[in-house]
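User: I would like to go through some of the labels attached to this model and hear the reasoning behind each of them.

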Amino acid sequence: MAGGLLLSGAIAALLTSALPAPSPSSGFVDPPPDKIVIKVATVNGSGCPRGTAAVAVSEDNTAFTVTYSDYLAQAGGGSDPTAFRRNCQLSLIVHVPQGFTYAIASADYRGFASLQRGASGSQRASYYFQGSPSTVAKNHPFNGPYDDNWQATDETDWAQLVYAPCGVQRNFNINTELRVNAGTQSADKVSFMTMDSTDGDISTVYHMAWKECPDS
């Protein structure tokens, strides 16, 4: 999958060192009419073995999605000792139409969890541009007993959005992670969390905000 996937659509970032966040009075522009080309530079991690992660972009340039088919962390019972943590890193090359920049307004994650009494799990995501010294990370904990679908949302206030730099090409990286702790009450039983979509539903959705770049 690395380096070979071309996509039409938009991507955005939570974090960069370029444009300041807009003031409430500045407003936001509609997504650019021209389609953005996204190239997946690399897909790495125990949660996304080769061929098990797919990226698609909405027709209206307002969101892109990532779907996993083998993203499962588990602990307890006879689980492999290393299976308690699974992660995936996507590195994306984004070609944005001239005159526009972008930010992630929110990211929706979902999957299924089966956590025994006393067990716990967590979903974590971080976002950064290639070469940036800073990282924005969000963490969502879950506690057993739990046996249901789960959903977590990373959301940034409109006034706090930070936009990608205008006129600069940098890879945008998304790291996700699932962790499961079996605890002591039911350590003889398996607890697990997934971030896959075996039912065909999209597991992760990234929602974009757009802004025009200042005239050079």
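**Reasoning behind the labels**

Analyst: Not counting residues up to four places away in sequence, His140 touches Gly121, Ser122, Gln123, Ala152, Thr153 and Asp154. The model is a predicted one, and His140 has its place in strand 9 (residues 136-143).

User: Why is His140 called buried?

Analyst: The relative accessible area of His140 is 17%, and buried means under 20%, so His140 is counted as buried.

User: What makes the link between the side chains of His140 and Asp154 a polar contact?

Analyst: The side chains of His140 and Asp154 are joined at 2.5 Å, and the cut-off for such a pair of N or O atoms is within 3.5 Å.

User: How many aromatic pairs does a search of the whole structure find, and why is the pair of Phe112 and Phe192 called tilted?

Analyst: The search finds eight aromatic pairs. In the pair of Phe112 and Phe192 the ring centres are 6.1 Å apart and the planes stand at 35°; centres must lie within 6.5 Å, and planes under 30 degrees apart would count as stacked and over 60 as edge-to-face, so the rest are tilted. Phe112 belongs to strand 7 (residues 100-115) and Phe192 to strand 12 (residues 191-194), so this pair ties together parts that are 80 residues apart in sequence.

User: What are the accessibility classes of Phe112 and Phe192?

Analyst: Phe112 has 28% relative accessibility and counts as partly exposed, and Phe192, with 22%, is partly exposed as well; buried would need a value under 20% and exposed one over 50%.

User: What makes Phe142 and Trp150 a tilted pair?

Analyst: Their rings are 5.5 Å centre to centre, with 55° between the planes, and tilted covers what is neither under 30 nor over 60 degrees. Phe142, at 11% relative accessibility, counts as buried, and Trp150, at 2%, counts as buried too.

User: How do you know that Cys48 and Cys88 form a disulfide, and why is it right-handed?

Analyst: Their sulfur atoms are 2.2 Å apart, and a disulfide requires a distance within 2.5 Å. The torsion about the S-S bond is about 95°, so this disulfide is right-handed. Cys48 sits in the loop between strand 2 (37-44) and strand 3 (53-57), and Cys88 in strand 6 (residues 85-95), 40 residues apart.

User: What is the handedness of the link of Cys166 and Cys213?

Analyst: With -95° about the S-S bond, that link is left-handed, and the sulfur atoms of Cys166 and Cys213 are 1.9 Å apart. Cys166 counts as partly exposed at 27% relative accessibility, whereas Cys213 is buried at 15%.

Notes: Residues numbered from 1 in each chain as written. Predicted model: local features only at pLDDT ≥ 70, side-chain atom pairs only at ≥ 80, totals over all residues. Heavy atoms only, no water. Phe/Tyr/Trp six-rings, centres within 6.5 Å; stacked < 30°, edge-to-face > 60°. Helix = DSSP H or I, 4+ residues; strand = E, 2+ residues; numbered from the N terminus. Buried < 20%, exposed > 50% of the residue type's maximum accessible area, 1.4 Å probe, protein only. Polar contact = N/O pair within 3.5 Å; in protein donor to acceptor, adjacent residues only side chain to side chain. Contact = heavy atoms within 4.5 Å.
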